[in-house]
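Good morning, colleagues. Please bring up the sequence and the coordinates, and I shall take you through several places in the fold.

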Amino acid sequence: LRRKIMEWLSLVILVSAASAGRRLADGPCPELSRSESRLKMIYVEEYREGMARWKSSVAELLTLAKMSGGALVEPCVRDGRLYGACRPRDFRLRDVFHLDSLTRIGNLVSYEEYRNFSRQALNVTRRRICLTKLAASCRGVAWGYRNDKSCPAFTTRDDILYISEYFRGATWGLDRATLRFAEKSISFADGHVQRARDIVRNIGFDAGNYTVFQWRSETRQKLLDECAQHLIRSKLALGLGNDTRVILISDLTLDKRMQWYGIKTLDQRQIARVLELLRAHNFVKIDQFIDTETIPDLVFFAIWDAMVAVEAKTFVTCSACSTNTICSTCTWKSRYASLIVELREERGSSAHSTTDHTTYTCWPTPRSSASDEGGLPGTGAAVSTIM
């Protein structure tokens, strides 16, 4: 009898969980109706991830705002990161993403509106929480990451939800349909797309008729020379001779203003030698064709690089290779490359796309077999053709 009772209880729990799962994304969050919620604003002091994760983080927080009836405080861009508190010369989120693509998901308020509201009365209440992977970085603030403490939309009856740090995926209980819509809707501002097209034209390519290679070399200092040779051979494996110019997206640069954190510690003489070798084989970087002193923030250059890659006829990266490939030896598998691949797929499924696009998620190699990485004979690259 005891066993039957336990089996019955287990069945009830499973059915209840399945029912909840149809509406909410993986999480046992208690419900709080909008009529019960007082939440006016969601303020994030610091977003912990780089630009390639911003779409996901912002989509989650705008979904949170929509579900709770509040508004997300629009973050500012500074030194390639997103922050809640804005300084006079900071850029805003709308300078990165199309404003309409944000506001069709949920409400946004400016930092100035948030500051005025938070100071207007003594009875404004705040709930402070830290939603990030590492509890140690929360400096004593209540920590939550994919647990029962990361359900702020459903448990707070305060006016302001103050998130000291936010890491993508931290919040449980988001409505799946709203979140999917948000992730698909957010798009980069039109100005970045046009700037990328202007750069391509200045290099001398026709729109959409060029090849882009992506190489993130971070932590691979001892192998830079060898990996540059692999990159050259990958170009040849595609049937592109030394006289054919291709665009290289890479963290390797000698311009101090353009160097990300991991590159500043590398041997600059080695970087110079590798870049000279690649230039000799007609790899060009877009920073050769613009005045880097005019770039307002390094993140905008990363966006232009991405937009150039999204509209390329052929894109070659290392975003989906197993551990036994050249890619795992020579590159850091970054979310940035995966983002470009996703944007290319979205563009390819658009009714506005009329050109065939090919994406290689592994660097092609001359001698690999057709079974390597699901590639074509003689390339060893995972290939998808985007119509």
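Which residues in H8 meet residues in H9? Before I answer, please note that the model on the screen is a predicted one. On the side of H8, the participants are Leu 224, Asp 225, Ala 228, Gln 229, Leu 231 and Ile 232. Facing them in H9 are Gln 270, Arg 273, Val 274, Leu 277 and Leu 278. Sorted by character, the residues of this contact comprise 7 nonpolar, 2 polar and 2 charged.

Let me turn to the geometry of that pair. Two packed helices are described by the angle between their axes and the distance between the axes. H8 covers residues 224-237 and H9 covers residues 268-280. Their axes lie 10 Å apart, and the packing angle is about 15°. Because angles under 35 degrees count as roughly parallel, H8 is roughly parallel to H9. The crossing of H8 past H9 is right-handed.

For context, I should describe the chain as a whole. The protein chain contains 12 helices and 14 strands. It has 387 residues, of which 53% are buried. Considering contacts with a separation of 6 or more, 74% are between residues 24 or more positions apart.

A second helix pair deserves our attention, namely H10 and H12. H12 spans residues 335-348, and its axis comes within 9 Å of the axis of H10, with a crossing angle of roughly 45°. That angle makes H10 oblique to H12. H10 passes H12 in a right-handed crossing. From H10, the residues in contact are Ala 302, Asp 305, Ala 306, Met 307, Ala 309 and Val 310. From H12, they are Tyr 336, Ile 340, Leu 343, Arg 344 and Arg 347. This contact divides into 8 nonpolar residues, no polar ones and 3 charged ones.

Following H10 onward, we come to Glu 311, in the loop between H10 (298-310) and strand E12 (314-316). Is Glu 311 buried or exposed? Its relative accessible area is 14%, so Glu 311 is buried. What does the side chain of Glu 311 make a polar contact with? The partner is the side chain of Arg 197, at 2.7 Å. Leaving out residues up to four places away in sequence, Glu 311 touches Val 193, Arg 197, Gly 208, Tyr 210, Arg 344, Arg 347 and His 357. Two of the names in that list, Arg 344 and Arg 347, are also among the H12 residues that meet H10.

Another acidic residue in a loop is Asp 175, placed between strand E8 (160-166) and helix H6 (176-185). With 18% relative accessibility, Asp 175 counts as buried, because the cut-off for that class is under 20%. The side chains of Asp 175 and Thr 178 are joined by a polar contact of 2.8 Å. A polar atom of the Asp 175 side chain also lies 3.4 Å from the backbone nitrogen of Ala 177.

I move next to helix H4, where Tyr 111 is found. Tyr 111 is buried, at a relative accessible area of 13%. Apart from neighbours within four places in sequence, Tyr 111 contacts Tyr 43, Val 73, Gly 84, Ala 85, Cys 86 and Arg 92. The C-alpha atoms of Tyr 111 and Arg 92 are 9.7 Å apart, although 19 residues separate the two along the chain.

Beyond H4 (111-120), in the loop leading to strand E7 (126-131), sits Val 124. Val 124 is likewise buried, with a relative accessible area of 9%. Setting aside residues up to four places away in sequence, Val 124 touches Phe 117, Asp 159 and Ile 160. A distance of 10.0 Å separates the C-alpha atoms of Val 124 and Lys 40, which are 84 residues apart along the chain.

I close with backbone conformation. Most residues other than glycine have a negative phi, and most peptide bonds are trans. Asp 79, however, has a positive phi, near 55°. This residue lies in the loop between strand E3 (76-78) and strand E4 (81-83), and at 56% relative accessibility Asp 79 counts as exposed. Asn 282 also has a positive phi, near 65°. Its place is in the loop between H9 and strand E11 (283-284), and Asn 282 is partly exposed, at 21% relative accessibility.

Methods: Residues are numbered from 1 along each chain as its sequence is written. This is a predicted model: local features need pLDDT of at least 70, side-chain atom pairs count only at pLDDT 80 or more; totals for chains, interfaces and linings use all residues. Side-chain values use heavy atoms; hydrogens and water are left out. Axes are lines fitted to C-alpha atoms, for helices over the stretch in contact, and angles run from 0 to 180 degrees between N-to-C directions. Helices (H or I, at least four residues) and strands (E, at least two) are DSSP runs, numbered from the N terminus. Angles under 35 degrees count as roughly parallel, over 145 as roughly antiparallel, 65 to 115 as roughly perpendicular and the rest as oblique. A crossing is left-handed if the near helix is turned anticlockwise from the far one by less than a right angle, and right-handed if clockwise. Contact means heavy atoms within 4.5 Å. Ala, Val, Leu, Ile, Met, Phe, Trp, Tyr, Cys and Pro count as nonpolar, Asp, Glu, Lys and Arg as charged, and the others, Gly among them, as polar. Buried means under 20% relative accessible area, exposed over 50%, partly exposed in between (1.4 Å probe, protein chains only). A polar contact is a pair of N or O atoms within 3.5 Å; within protein, one must be able to donate a hydrogen and the other to accept it, and residues adjacent in sequence count only if both atoms are side-chain atoms.
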